[in-house]
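Work through the exercises below with the sequence and the model at hand. Each task is followed by a solution in steps.

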Amino acid sequence: FAAMKANGSITTWGNSANGAANGPASTGYKAIAATNQAFAALSATGSIVAWGNAGFGATGAPASSVTGFTSLFSSVGAFAALKADGSIKAWGSSTYGGTGAPSATSSTGYTKIFSTNGAFAAQKVDGSITVWGDSTSGGKNAPAGTGWQPIQSVMDIDTRATATGVVSINTSAVALGGSVTLTATFSGSKGVPTGKIGRAHV
């Protein structure tokens with residue numbers, strides 16, 4: 001996990017190989033994004049720092065001296081950052097969008113980035129769309145031309161797997177006005193675990 005305070009300081013905990021260690025010690029950060037095994041943080045000056053598993057985006061981030069980034073996005077294994085001039089920098093796993101982004105030196109004017117599990121889409125003011133990343137996650141076959149409205153993206157229940165779920169309700173000894181625990185059992189391509197998802201009042 002990674003948590004940020006109002007002063008922009010960040011605390012991490014959990015698996016040290018996947019981002020619980022080596023988080024930034026300074027303050028002034030305004031946003032955090034995460035892949036499956038890495039984090040990236042955007043500072044108020046527009047610089048970026050990344051840490052965690054190198055194969056999931058902990059390496060390849062813009063140098064700390066590079067500023068001007070305004071927003072930060074992630075897929076399951078890569079990050080993409082948007083600059084004030086509309087240029088884009090992506091890094092991380094090439095399978096999930098770490099490569100293939102519009103060239104930062106020749107392509108500017110993008111205003112928004114969207115992501116799915118394994119791909120990114122960038123949109124310009126004129127509505128034109130550029131995509132990259134895993135083809136099965138939307139990294140190809142974007143519509144051509146201009147005039148497209150803001151993109152909508154679909155994310156899986158768990159970012160590591162497509163999954164189906166069954167919700168069971170324990171109603172034993174529940175009086176009117178009481179509550180019950182909802183427990184969801186999910187099975188998917190990566191073995192998403194069973195877990196409680198909340199409480200409901202009756």
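**Exercise 1.** Classify A84 as buried or exposed, and describe its surroundings.

Solution. The model is a predicted one. Step 1: the relative accessible area of A84 is 66%. Step 2: the cut-off for an exposed residue is over 50%, so A84 counts as exposed. Step 3: as to its place, A84 lies in the loop between strand 7 and strand 8. Step 4: leaving aside residues up to four places away in sequence, A84 touches G68 and T70. Step 5: a further distance can be taken to G46, which is 38 residues from A84 along the chain; their C-alpha atoms are separated by 9.1 Å.

**Exercise 2.** Determine how strand 7 and strand 8 are joined, and which residues stand opposite each other.

Solution. Step 1: strand 7 covers residues 78-83 and strand 8 covers residues 88-92. Step 2: the two run antiparallel, with five bridges between them. Step 3: two opposite positions can be listed.

- L82 faces I88 of strand 8.
- F79 faces W91 of strand 8.

Step 4: the connection is a hairpin with four residues between the strands. In its turn, G86 has a positive phi of about 85°.

**Exercise 3.** Place this hairpin in its sheet and identify the edge strands.

Solution. Step 1: the sheet is open and consists of three strands in the order 6-7-8, with antiparallel pairing. Step 2: strand 6 (69-74) and strand 8 are the edge strands, since each pairs on one side only. Step 3: from one strand to the next, the twist averages 20°. Step 4: when reading side chains off a sheet, recall that in a regular strand they alternate between the two faces.

**Exercise 4.** Describe the pairing of strand 9 with strand 10 and find the bridge partner of F114.

Solution. Step 1: strand 9 spans residues 110-115 and strand 10 spans residues 119-124. Step 2: they are antiparallel and joined by five bridges. Step 3: the partner of F114 in strand 10 is A121. Step 4: three residues make the hairpin connection between the two strands.

**Exercise 5.** Summarise the protein chain as a whole: its elements, burial, contacts and surface.

Solution. Step 1: the chain has 14 strands and zero helices. Step 2: of its 202 residues, 36% are buried. Step 3: among contacts between residues at least 6 apart in sequence, 34% join residues at least 24 apart. Step 4: the accessible surface is about 10600 Å², and carbon and sulfur atoms account for 53% of this surface.

Technical notes:
Residues are numbered from 1 along each chain as its sequence is written. This is a predicted model: local features need pLDDT of at least 70, side-chain atom pairs count only at pLDDT 80 or more; totals for chains, interfaces and linings use all residues. Side-chain values use heavy atoms; hydrogens and water are left out. Two strands pair if DSSP finds at least two bridges between them. Axes are lines fitted to C-alpha atoms, for helices over the stretch in contact, and angles run from 0 to 180 degrees between N-to-C directions. Buried means under 20% relative accessible area, exposed over 50%, partly exposed in between (1.4 Å probe, protein chains only). Contact means heavy atoms within 4.5 Å. Accessible areas come from the Shrake-Rupley method with a 1.4 Å probe; for residues, only the protein chains shown count as cover.
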